[in-house]
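Grab a pencil and work through these exercises with the structure open beside you. Try each task before you read its solution.

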Amino acid sequence: MIEFLRDLLGFETWLLVIVGALISFLAIFGFVAVLAMVAVWLERKVGGHIQVRLGPMRVGGWHGWAQSIADSLKLLMKEDMVVLGADRVLFKLAPAIVMATALSTFVVLPFSPDLQVADVDLGIFFVLAISSITTIGVVMAGWGSNNKWSLYGAMREAAQVASYEIPLGLSLMMPVMYYGTFSLKAASDAQSGWYGMQWYIFSDAFWIAIPSFFLFFTAALAETKRTPFDLPETESELVAGFHTEYSGMRWAFFFMEEYAAMFLMGAIGTAFWLGGYSFPGMNLLEAGSFLHTVLCIGSFVTKSMLLLLVMIWVRWTLPRLRIDQVMTMGYKYLTPLCLILVFMAAGWEYFKFAMGW
Amino acid sequence: MNQKSALHNFHPAGDFASLPGQEVEFDISTKDVEINMGPQHPATHGVLRVLLKANGEILTGAQCHLGYLHRSAEKIGESVDYVQYLPYTDRYDYLASMNNNLSYALAVEKLMGVEAPERAQYLRTIVVELNRVASHLVAIGTYGIDLGAFTPFFYMIREREMLLDLFEKICGARLTYTYIRPGGVMNDAPPGWLDGVKEFTDIFDEKWCEYWDLLMENKIFIERTANVGVITPEQAIAWGTSGPVLRGSGVDWDVRKNNPYMLYEQFDFEAVKGCGYKGTLGDCYDRSFVRMYEMVESVKIVRQCLEGIQEGEVQHAEVGHALKPAPGEVYAGIENPRGELGHYIVSNGEKIANRMRVRSPSYCNLSIVEHMLPGCMLADAAAIIGSVDIVMGETDR
């Protein structure tokens, strides 16, 4: 793409950066918007069927497929309301920050060997750093709403996300050590051997990979505020948590952020544990061919969506924990377990090095 | 935290450093935050308003404000005649209208010195016990929602739907039945209705196990309810609680057992008591435990009713539409799903009662809530209020 712009249209470097950024932004925004719609519809259908009901059935005909589109239109047309006594600047800025961070983390996701906005060398650090900025947006929303329930939700979010960053980061160290890279693309590339089945969970370190994946997934649930860790927005305690006072498109931004973050966590899990974009038999196809790219993207999105589906499944199955139990779990169980696994992984790598494998 | 009394009592840190052996005091003055929980709050089960004081996540004070659903039911009882008042009783505890009807009907019958025919009594027992099951299904289901588990509620609603269909068949209504009347019941069961009841009792045990596995054995549910909101047996008695709240604390008191009415002496059932199954005696888990097992006992009673029921009249011949009981005063209390629901009626010998007083279990059970909340976490407020299982229609009347 960049070569095309530079060589054929004769763009200067600064123009290239701007145009490239714009195109990436539009692509990511479109992807996230569609993704959020699909995920919401999926959540309602899956939740419905788990709860012996049908979920949306009317809009659009076949199983209410257009329900999310109709809802988005409704949200777009709703009145843009700012509550009385709110800190207007914070109130209006918060959804923007939350949405911006969610979108910018998508920059490093390797959808296929060729399709990635930027192959950042410290990719996973970038994701962790940017996604924790979401918390600031949420705290701004909670503080700016002039509502005590919102403030409680925001404070819980801050406490919870800050404490679960540790196990999340630590659990990601295992694949990082195994592949010796922070880049999601390099990790995915390393897993495309064995006809596309050389995934981390099938590797020689599978006995570290599988527990670390569960730890990662638990921390990811807390990080994305999903049940059983959905304390920032507990419906039955805090009304709706930090977005109680939001409506219309601002509220929809929070909603989109949640699903974008869920997909992001699924994508990270996919890229590091489940082989990224690799699929069985990928080496049989010519790398870079159209079919190869399409199947890679399909494989990556499908795996990420499957993890998202598990998150939905967990949500409709479990009750939620109390804040002290969440903290206990994070600090007393997940973090020590992650540390033990980090040592085990390091020991295994050293053992392999010493044995000359 | 050692708080300074004045709001802006700023001390330079040096002052404290020069006081050896003393507790460290924070020079940021903090104040407990006051939060309004309700009257429009998802966890207060209606229009209860609880004024909470909280230090962070820890509650330091609570005060219940009632009356948002006050409809002067008792006063209405003193201005309409006896049969006309019956539909108002449906509206106290709208989840257990049959029980409300029964309590009122028994009080009026006691006032008049009559007794309903035997078949009517059997039908009453069946509908009342089925209604108890339906009410407990909602109670436990919504309790799950309070704790974040949405799915069990829908499973329970599925079985409640069967019960509501049965009630609809027998009296035409799904929520406010007005089926049990002074002197008997509205009409006999339609053909095949008792078979429908039998069908329900046949499938219920299996479904019950589903709820038990899904909710009561869930580790997170146990973590959230066990050892939370403990009511000691002494407290439970002192605050005048009744029903599952009282029995959850291990007190053996069931109006059906201790003060039997209708045919309850004949039936073989148990008054389920809490036993600290997963935590302390009288915690939130025990109250849910009692409700769960009460459903089993209720179904047991219904099975016995189905065996014992005979053909016959369903309405006392002398009790018609215009009642004129002799002067006197009576109290008749029954075991409602939420506790002892009693009607105290004073009659002057006229068509209209001179005094109508309702002893509602939710109101008495609610009185202990604001004493349980301080010291708990904010999230426990939802767990505790939900475990007491209030229906605001009955609390405010």
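Helices (H or I, at least four residues) and strands (E, at least two) are DSSP runs, numbered from the N terminus, and two strands pair if DSSP finds at least two bridges between them. This is a predicted model, where local features need pLDDT of at least 70, side-chain atom pairs count only at pLDDT 80 or more, and totals for chains, interfaces and linings use all residues. Residues are numbered from 1 along each chain as its sequence is written, while chains are lettered from A and ligands numbered from 1 in the order in which they are written.

**Exercise 1. The hairpin in chain B**

Task: work out how β6(B) and β7(B) are connected and paired.

Solution:
- Step 1. Look at the link: β6(B) and β7(B) make a hairpin, with two residues between them.
- Step 2. Check the direction: β6 (328-336) and β7 (339-347) of chain B run antiparallel and are joined by nine bridges.
- Step 3. Pick out some partners. N336(B) has G339(B) as its bridge partner in β7(B), and E329(B) sits opposite V346(B) in β7(B).

**Exercise 2. The sheet around the hairpin**

Task: find the strand order of the sheet that holds β6, β7 and β8 of chain B, and say which strands are at the edges.

Solution:
- Step 1. The order is β6-β7-β8 (chain B), in an open sheet of three strands with antiparallel pairing.
- Step 2. β6 and β8 (355-359) of chain B each have a single partner strand, so they stand at the edges and one side of each has no neighbour in the sheet.
- Step 3. From one strand to the next, the twist averages 10°. For angles like this, axes are lines fitted to C-alpha atoms, for helices over the stretch in contact, and angles run from 0 to 180 degrees between N-to-C directions.
- Step 4. Now add a helix: α4 (97-112) of chain B lies across β6 and β7 of chain B, at about 150° to β6(B).

A handy rule to keep in mind: in a regular strand the side chains alternate between the two faces of the sheet.

**Exercise 3. Another sheet in chain B**

Task: describe the sheet with the order β1-β2-β3 (chain B).

Solution:
- Step 1. This is an open sheet of three strands, and the pairing is antiparallel.
- Step 2. β1 (33-37) and β3 (58-65) of chain B are the edge strands, each pairing on one side only.
- Step 3. Five bridges link β1(B) to β2 (49-55) of chain B in the antiparallel sense. One residue to look up is N36(B), whose bridge partner in β2(B) is L51(B).
- Step 4. Ignoring direction, neighbouring strands here are turned by 20° against each other on average.

**Exercise 4. Chain A as a whole**

Task: which secondary structure does chain A have, and how compact is chain A?

Solution:
- Step 1. Count the elements: chain A has 14 helices and zero strands.
- Step 2. The radius of gyration (taken over C-alpha atoms) is 21 Å for chain A, close to the 21 Å from the globule rule (2.2 Å times the number of residues to the power 0.38) for 357 residues, so chain A is as compact as a globular protein of that length.
- Step 3. Along the principal axes, the C-alpha atoms of chain A fill a box of roughly 65 × 55 × 45 Å.
- Step 4. Of the 357 residues in chain A, 44% are buried. A residue is buried if 20 or more other C-beta atoms lie within 10 Å of its own, exposed if 12 or fewer, and partly exposed in between, with C-beta atoms placed from the backbone.

**Exercise 5. Two domains in chain A**

Task: find where the domains of chain A lie and what joins them.

Solution:
- Step 1. The domain assignment (bounds come from an automatic or database assignment) gives domain 1 (1-77) and domain 2 (78-355) of chain A.
- Step 2. Their C-alpha centres lie 19 Å apart.
- Step 3. The contact takes 20 residues from domain 1 and 20 residues from domain 2 of chain A. Two residues are in contact if their C-beta atoms, placed from the backbone, lie within 7 Å.
- Step 4. On the domain 1 side, α2 (13-50) and α3 (67-77) of chain A each give two or more residues, and α2(A) gives the largest share, 14 residues.

**Exercise 6. One residue in chain B**

Task: is I203(B) buried or exposed?

Solution:
- Step 1. Locate I203(B): this residue lies in helix α7 (193-216) of chain B.
- Step 2. I203(B) counts as exposed, because it has 11 C-beta neighbours inside 10 Å.
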